[in-house]
Every structure is written in structure tokens, then in C-alpha cells.
Amino acid sequence: MNFEFSDEQNQLRDQAQSFLSDNCPPEKVRKILEGDEPYDKQLWQSIAELGWLSTVIPEQYGGLGLSYYELVVIAEELGRALAPVPFSSSVYLASEAILQFGSDAQKQKWLPRLATGEAIGTFAFGEGAGRPSPTSLKTAAADQTVSGTKYPVPDGDVADVAIVVTTCDSGDGANLYLVDLSGVQQDVVSTLDPSRSHARLTFDKTPAELLGSAGSGWGMTNQLLDRAAVLFAWEQVGGSQAALEQAKAYAMERYAFGRPIAGFQAIKHKLANVYVKNTLARSNCYYGTWALDENNAELALASATARVSSTQAFYFASKENIQTHGGMGFTWEFDCQFFYRRAKLLSVNIGSESWWQDRLITAYEQSNQADAA
Amino acid sequence: MDFNDTPAEATFRQEVREWLEANAPSSEELRGLDEIARSKLWQKRKYDAGWACIRWPTEYGGRDATAIENVIWGQEESKFSVPGGVFGIGQGMAAPTLMAWASEDQKREHLPKLASGENIWCQLFSEPAGGSDLAALRTKAEKDGDEWVINGQKIWTSGAHYSDYGIIVLRTDPEVPKHRGLTYFFLDMKSPGIEVKPIKQISGGANFNEVYFTDVRVPDAQRLGEVGQGWQVALTTLMNERAAIGGGGGGVGFNRVYRLAQRVTIDDKPAIEDSSVRAKLADWYCQETGLKYTGYRSLTALSRGETPGPENSIGKLVGASKMQDMASFAMDLCELSGAVQGELAEEYGMYPGAYMGAPGGRIAGGSDEIMLNILAERVLGMPQDVRPDKGIPFSQIPTGANN
């Protein structure tokens, strides 16, 4: 048993943290949030040059062939920096889907381009409000084409390729398709966090290639969500930690009643509770990472555990950060809003807290732990 | 990072399992014995075979096991229904303090008897006027030749009525600021002048006591640390206390409440199918695994030679409230019969008892509020509270009518 990152992984963390503090300060996040650019292209380019996009992609497809331990270290730092780039869509979802379910030809075609950042990928899943299911989906496929509307699709406005979930008459009721987005209508959708762009994708007999076997798309979607959830959870933990540090720094400097407000128990206990939630979420992320890297039978349970606790931790840390700042935290000028926006965006991007709570219990029911209980 | 056993750990686990299977006491053997006799029987059997307090050095009755081996032992032992509990304070709190502060002769005399279960120890810290503000304690010790004479009162002393020895913090100088006037000792609980009176708790039990001291004499040789250094010595004990209390959940864990939710119904369907039940259970599962893996991360730090810090306070803080909330929720799941306990109760009649015991967990060993202060001050580095008693002699600190 060993429950810590290796020295090399910690070195990578230090490098990533120092790179992002130089290249992704809060002003960069603000620039994307307030401006028309969908993402920080310069940052994306640098991240690609560092090889982060290709961390777990095998060397034969142009990647670094490292483990998920390295990828989660990067995920945490991107979360901490609130990086305004399409990393989660392209790496945790599109690259993962092709890596897990693609044919060799599909991998040869897309992974080298995704690895260098030359192509951006995304996962086109949702079709408006409500929890998706195979029967709720309307996007359909026929004769190697897909038709239908997907929204909101994270980074759908800038993506070159999408994994599209469609209905299927047989099997588990769904299929996955690999769709080249050139020629597809990509309309920008406004969200509460404009530092990350979203789109509505309209497919109309768009040429598409089946990904994985027919009639097993729902199972693959769930596997993909389980894998991505661990990576999202690390971004959330990184964001929670940064929000806690911002709240503490402000409380130490802000004076009221003749002393720093950090000295009052109302503030101390609030931030100690943030620390507690963050710590539990982080420990659960360790559990999730182990299951992800081993791709073992505990993945569904471990990823839901990491996801639920990180979603709760980031929401709590980001709202109490604003509260600690008082009126200033509610101003546009202050950066507290970035965390509050990102916390909610990440919590719905791959499914809500209550969905993941339900998935957790389902995973528990199907695990060895329930048998042993 | 690797959650699996190494080959050496797997071999060790197998060895532990085989020994436990062959030696764990049967219910037959334990029949008719009281809790103390049961605990002593099992502890002695472990000691004789070299499986008691395995993390301790061999010369003090242990096995020189690693922190990870100790966890493996705990995991495997918990799969058996074995007696225990009365040695927690002695082995978990007094022993680490003795190891850090006692003389070599004292360690060789007392630690093996703690490991074998021959002696039970208690902790005499809290007082009517010194709980969360422990350093405000007033029970005094005055030097008389080679001995100290103790007068005053302790309270909330678990197991004082059956303990052989106690660790105690006393006021030896009221004319200096409060933390500097304390000294730490251990003493024989059979000493003349000690009177133990049980306190009945809201849970109905009487595990803890008031302990009165009237001219009780303790040799100076039983002082741990220097005169006036008692607070520092006490911190050794307290850090171990929080680590020890953090482990327990009073039998109310996720698995048990999950099974209950499978058996009881909501609208004719198993309660576990109800989405609000699932959401609550999921949150507790997250807390339970979060605590478990936070503990394992501390162990990794420990096995690398790092000192576990105040972050251990999390276990007790989260665990105690979780147990309270789960007990309350489990009773809700039983609907109209949720409050039933005793003879007529079904197998889940344990929850009212857990519910009544839970408030104690949130207070014992440092209340929730003290734990939050510790995390804020010592982990996050936030300022201490304003302290009107700071820097002034203990004898001049104002006190209220209720203490």
C-alpha cells in the first residue's frame, strides 16, 4: 500500500503549477470571460507543446504513454488555474473515447492530431434540459450519417471532431459515432461561465463513423463518464483548493473590529469546514485515480465517490469564498466569481450531483462490497 | 500510488488471518465473562503470541511492526467479533506519552503490562472548570520532599472505576500564565485519597466518572517531563486521543444503514430505490471513504518518517457527526417503529442507542468547535482567538459563577 504520488509526479505538479501561474494568471481567465475569444489559444498552444494533451496517449499514436497519475496531476493544476482551454472536452472525453473504443484506424487518424492540439475534440451528449437516457435521445443515425441537435456541447464551437451519442434500435439503445465537424452548424451557446465556450451542434445527414460496436453505445457512454469523472473531480479539487487559499488570504488582510477577520471563529470555522470537505474529496480522488489507472472493477464506484465529493467541495468552497469577501466578493471586479461560475459549470458538465449520487449507489449495489456487507 | 498489498504485505496479511482464525475466542469461551474479563482474555492471548500492540518495539511488548502492518492487523482483526475497548486509553494515549517522556526503567516496567492487558489505564485531564479550555484546570499538586500532594477534582474520566493507573495533568504553579504552571504525572489509581463517583450519561451508561483527590501522594519519580512542562506533554496525549477516537463509528456505518434501506420499504418498494435515500447514503459513503483514505495518506506520511499533524482532527470531527446523522436517518427509515429499542426491537433496535450516544462523540476528546479551531489555526495558519487570559498569572484570570 502506498497512498501518495511519486517524487517524479510531484515534480511534474511543481512544474505545472509554476507554468500556469506564469501563463494563466486570473487576468487571462478574465480576458476570455469578458471577451469574444472562445478560449486562450496561446495557452492551448503552450500546453500542447508541453505534451499535456498527449499524456496518456500511447507512443504509437504520438503520445507520451504516461499513466493517469500524471494526467490527474495536470488536471488538478488546470482546475486550480481555472484554465480557459478545451482540455477536458478534448482530453478527458474525446481522446479517452477513441482510446477506449476506437478501431486502430480511428486511433491512427485522430489520436496523433488530438495529441498535438492540432485537432480539438468533444463529446456531444446532452439534448437540452433533463437527465439523458437512451429513450430520451432524439439524435439518430442512418446510413453512416447522423441527424439531430446536441446542446449544450462544451467547446462545440471550436471542436474539429465530436463523439456523438445517438439512439439505436437494438442492444442497449444507443450508439457512439465519430463525427468530423467540418461543415456542421456550430452555434455558440451562452452559459454562466463564459471562460469556457459551449455550442449547439446541428447534424443533418452528417457523415459519421460508428465508434465501438453497434448497440453498446449506452454502456460505452457510462464507461466514458466514469473515466472522465475522475479527471473532472481533480479539476474540481484544484479549484476548491484555490478558492480556499483566496478566501484565507483575503481574511488575513481584511480588518474589522480592530483585527483581521481571519481571527473570528465565524470565519475560522467556515474555512476549516471548507478544508475538511476539500481533504475528503482529495482522498476520494486518490481512490478514483487508482481505479482509473488500473481500470479495475471498482472504477464505477470509485469515480462516483470522487465526483460527488469534489462537486460538493468545489460548490461549498466557491460560495464561502464569496461570503468571506463580503460585498467585494459580489463585485464584477473581484475574481471570486470565477470559482463560483466554474464550480457550477463543472458540476453539470458531465451530470449533476444527484445523478452521480444515484450512480454511486448503483455502483455499490453492483460491487463486491455490497456482497460482502 | 498503489492501493494493493505488496507481496510482503500480502504474506503478512495471510499470516495474520491464519493466526486470527485459529485463535479468535469463540462465543463459548467468552460466555459468562464480563467486558473486562473478556477483553483481558483476548489481550493476553494476543500478547503471548506476539500479536499485541504490534507497532510497539519488541522490548516493550510489541512486535516492531510497520504502520502499514498495523493497519493490516486492524483490518483483519475487525473481521472477527473480538472483545476490546477497555485498553484504548492506556494503549492508545498513555503508552505513546510514556514512550515519549518516561524513563527507560518506567517504560520497561509499564509498557509490557499495558500490552498484555494486565493493567488498565485512564486519563485524568478534564475538570469542571477546564474542558475545552483544558489549561484552565485547577487540581493542584504541591511538592513535599520526594513526593507531590494532590487535591482537587477531575471529571469525564472514562474507566476510572476499573483502572489500575492514570495519567494526570496538575497545576503546580498558579502564579505564572496558565500553560506554564502545569506538570504531568502518572499515578496508581489505588492510592489512598482517590474517590471515584460514576456519572450517568444520557445514553444510560456510566462509563465515565468524577474523580476526587484528597491529599493523594505521588512520587516525584512519576513525573513525565519537567515541572511546568505539563502542557507540552499533554499535547502528545491529545494528538493520539484524536487519532484514536477518529477510528470508531459506534457500529453505525454505511454498510449497516444500506442493508436497512434494502429491507424497509417506501411505497411498497425497498427504501433503497428512493432517490432521496440514495442521495443521503451516497454522501455518507463519500465521507466514509474520504476518511478512510485520508487516514491511509497519513499512514504513508508516517511510514516515510513524517510526523502526523493536526490534520488527524478531521477523523473525529467528521466521524462523530456522521454517526449522529446516520443513526437519526436510520430511525426515520423504520418510520413508526424508529424509536423502539430493547427486547421488542427488531435487529435494527440499535439505532436509538447510537443516537443517544452520538452527542458524546462530538464532545469527547475536543469538541467539534475545538477541532475546527485547531484546523483553522494549525493547518490553515489563521490567528488565535482573542484571549483575555493570555500572559497573566493563572491566579488572576477572571472566572464566572458557573465554574
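**Exercise 1. Two helices from two chains**

At roughly what angle do the axes of helix α8 (residues 265–294) of chain A and α12(B) cross, and within what distance do they come? Describe the contact between these helices and place α12(B) in the wider meeting of the two chains.

*Solution.* The model is predicted, and every value used in these exercises is computed from it.

Step 1. The axes of α8(A) and α12(B) come within 8 Å and cross at roughly 85°. Angles of 65 to 115 degrees count as roughly perpendicular, and α8(A) and α12(B) are therefore roughly perpendicular to each other.

Step 2. On the side of α8(A), the residues that meet α12(B) are K268(A), H269(A), L271(A), A272(A), N273(A), Y275(A) and V276(A), and their counterparts in α12(B) are L372(B), N373(B), L375(B), A376(B) and V379(B). Sorted by class, the residues of this contact are eight nonpolar, three polar and one charged.

Step 3. Taking the two chains as wholes, 37 residues of chain B are in contact with 37 residues of chain A. On the side of chain B that touches chain A, at least two residues each are supplied by α8 (254–263), α9 (275–303), α10 (313–333) and α12 (368–379) of chain B. The largest share of that side, 16 residues, comes from α9(B), and by class the side of chain B divides into 22 nonpolar, eight polar and seven charged residues.

**Exercise 2. A helix pair within chain A**

Determine how helix α1 (residues 7–23) of chain A is oriented against helix α4 (residues 68–81) of chain A, and list the residues through which they meet.

*Solution.* Step 1. The two axes come within 9 Å and cross at roughly 25°. Because angles under 35 degrees count as roughly parallel, this crossing makes α1(A) roughly parallel to α4(A). The crossing in which α1(A) passes α4(A) is right-handed.

Step 2. From α1(A), the residues Q9(A), L12(A), R13(A), A16(A), Q17(A) and L20(A) meet Y69(A), E70(A), V73(A), I74(A), E77(A) and A81(A) of α4(A). The contact comprises seven nonpolar, two polar and three charged residues.

**Exercise 3. The strands of chain A**

Work out the strand order of the open sheet that contains β1(A), and then follow the pairing of β3, β6 and β7 of chain A.

*Solution.* Step 1. Four strands of chain A form an open sheet with mixed pairing, in the order β1-β4-β5-β8. The edge strands, each pairing on one side only, are β1 (121–124) and β8 (209–211) of chain A. Neighbouring strands of this sheet are turned by 30° against each other on average, direction ignored.

Step 2. Strand β5 (residues 174–180) of chain A runs antiparallel to β8(A) and is joined to it by three bridges; L176(A) has L211(A) in β8(A) as its bridge partner. Helix α7 (residues 217–253) of chain A lies across β4 (161–167) and β5 of chain A, and runs at about 70° to β5(A).

Step 3. Strand β3 (residues 145–154) of chain A and strand β7 (residues 198–207) of chain A run antiparallel and are joined by seven bridges, with F203(A) in β7(A) as the bridge partner of G148(A). Strand β6 (residues 185–189) of chain A also pairs with β7(A) in the antiparallel sense, over five bridges, and there V189(A) is partnered by H198(A).

**Exercise 4. Two backbone details of chain A**

Which kind of peptide bond joins Y151(A) and P152(A), and what is the sign of phi at F257(A)?

*Solution.* Step 1. Most residues other than glycine have a negative phi, and most peptide bonds are trans.

Step 2. The bond joining Y151(A) and P152(A) is cis, with omega about -10°, and P152(A) lies in strand β3 of chain A.

Step 3. Phi of F257(A) is near 55°, a positive value, and F257(A) lies in the loop between β9 (255–256) and β10 (259–260) of chain A.

**Exercise 5. Domains 1 and 2 of chain A**

Locate the domains of chain A and describe how domain 1 touches domain 2.

*Solution.* Step 1. The domain assignment of chain A gives domain 1 (7–116), domain 2 (121–214) and domain 3 (218–372). The C-alpha centres of domains 1 and 2 of chain A lie 22 Å apart.

Step 2. Across the boundary, 19 residues of domain 1 of chain A are in contact with 19 residues of domain 2 of chain A. On the domain 1 side, α2 (26–34), α5 (87–101) and α6 (104–116) of chain A each supply at least two residues, and α5(A) gives the most, with seven. That side divides into 14 nonpolar, five polar and no charged residues.

Notes: Residues numbered from 1 in each chain as written. Chains lettered and ligands numbered in written order. Predicted model: local features only at pLDDT ≥ 70, side-chain atom pairs only at ≥ 80, totals over all residues. Pairing = 2+ DSSP bridges. Axes fitted to C-alpha atoms, helices over the stretch in contact; angles between N-to-C directions. Contact = placed C-beta atoms within 7 Å. Nonpolar A, V, L, I, M, F, W, Y, C, P; charged D, E, K, R; others polar. Parallel < 35°, antiparallel > 145°, perpendicular 65-115°, else oblique. Left-handed = near helix turned anticlockwise from the far one by under 90°. Domains from an automatic or database assignment.
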